[in-house]
Amino acid sequence: MVIAALSSLIIISFMISMNTGYIRLSPLDVLKTLFGGGTEKQELILFDFRLPRIVISVLIGAGFAVSGAIIQGLSRNPLADPGLLGINAGASLAVVLFISFYPATERGSIFLMPFLALLGAALTALLIFAFSYKRSHGLMPTRMILVGIAFAAGISATIQILQIRLDPNQFQFIAVWMAGNIWGTNWKFVLALLPWLLFILPFVFYKAKVLDALNLGDQLAAGLGAQVNKERAWLLAAAVGLAGSCVAVGGGIGFVGLIAPHVARRLVGPQHQALLPASALTGGLLVLVADTLGRWIIQPDGIPTGIVVAVIGAPYFLYLLSRSK
């Protein structure tokens, strides 16, 4: 019932988003255009601009949310997510370095950026987990949060230094992109992101029971037959892959990996067989609604989606901190 309700909300938001923008399209115009009865201008607006952005919003939200659910399960820390741990910042640094030396509009760069973002996110994650792991205590959740915040701050400072050498066009692009602007508004960006999610998400859903076991602690998980280190490495790689590929297309959108798993956990409980798909749908719905609001509040430029998500996520994060022990 929860999955059906979330899916219905996404469909409703999908329809509202298709009607939202600087150029108004009535619901009747949208239906006519979808079935081939619209004008050339309406087809251009709907199929070449709005639909790709809407699809990307849902995909990015699902990717960030599942990545956050994995990291919370591995670290047994409800406050962990790719943004707070610095993984998103590592992916952003790789993309900024790439844009600094290679124009993002060049042919082939769209499909190369997710690989570079994955490399930056993976290197950052390895360093964070290396500094957070103690042989006598295992992975220390509180230490991991602190190390991640430190890495994120250092990487953000590095990005700001890199921005000094950029020309005005590159600087403006990166500034908007870092704010969480969904800048890919054509189907090439959908094709660049979709294979990552189609490959990683089924793998993560298949490993749901393993995540349940790891969430009980290393010793108990090993007693249940799980190969703890191997499974943790594979799941961490999946979380990094999801976060890195989403950052490459959606920029620095934060808090989705924190909020969506919490909301899903309240709706379906802690078992990952239901938590992971519910998190994906919740994250997709959150980013889609935030992107729609951002395009509606200030026209024609709009507000970057990441800012709208932060307005929602920051109070919720403070609420979680107030309740955490």
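How much space lies in the second largest pocket? In this predicted model, the second largest pocket holds about 310 Å³ of space. Its lining is built from 17 residues, and those nearest the centre are G83, N88, G252, I253 and G254. Helices α4 (87-101), α6 (141-164) and α14 (305-323) are the elements that each give two or more residues to this lining. Sorted by class, the lining of the second largest pocket comprises 9 nonpolar, 7 polar and 1 charged residues.

Turning to the surface, a nonpolar patch is formed by I11, M15, L31, L34 and F35, which together have about 500 Å² of accessible area. Two elements, α1 (2-18) and α2 (27-34), give two or more residues each to the nonpolar patch. As for F35, this patch member is placed in the loop between α2 and α3 (40-75). F35 has a relative accessibility of 74%, and therefore counts as exposed, since the cut-off for that class is over 50%.

A further exposed position is found in helix α10, which spans residues 218-223 and includes G223. The relative accessible area of G223 is 67%, so this glycine is classed as exposed by the cut-off of over 50%. For readers tracing the chain in this region, A213 offers a handy reference point: G223 and A213 are separated by 10 residues in sequence, and their C-alpha atoms lie 9.5 Å apart in space.

Terms used. Residues are numbered from 1 along each chain as its sequence is written. This is a predicted model: local features need pLDDT of at least 70, side-chain atom pairs count only at pLDDT 80 or more; totals for chains, interfaces and linings use all residues. Side-chain values use heavy atoms; hydrogens and water are left out. Patches are made of residues with over 30% relative accessible area and no salt bridge: like charges are joined within 9 Å, nonpolar side chains (Val, Leu, Ile, Met, Phe, Trp, Tyr) within 5 Å. Accessible areas come from the Shrake-Rupley method with a 1.4 Å probe; for residues, only the protein chains shown count as cover. A salt bridge is a side-chain nitrogen of Lys or Arg within 4 Å of a carboxyl oxygen of Asp or Glu. Helices (H or I, at least four residues) and strands (E, at least two) are DSSP runs, numbered from the N terminus. Buried means under 20% relative accessible area, exposed over 50%, partly exposed in between (1.4 Å probe, protein chains only). On a 1 Å grid over the protein atoms alone, a cavity is a set of points where a 1.4 Å probe fits but cannot get out, and a pocket is an open set with protein on both sides within 12 Å along at least five of seven lines; lining residues have an atom within 4 Å of a point. Grid points are joined across faces, edges and corners, and a volume is the space filled by probe spheres set on the points. Ala, Val, Leu, Ile, Met, Phe, Trp, Tyr, Cys and Pro count as nonpolar, Asp, Glu, Lys and Arg as charged, and the others, Gly among them, as polar.
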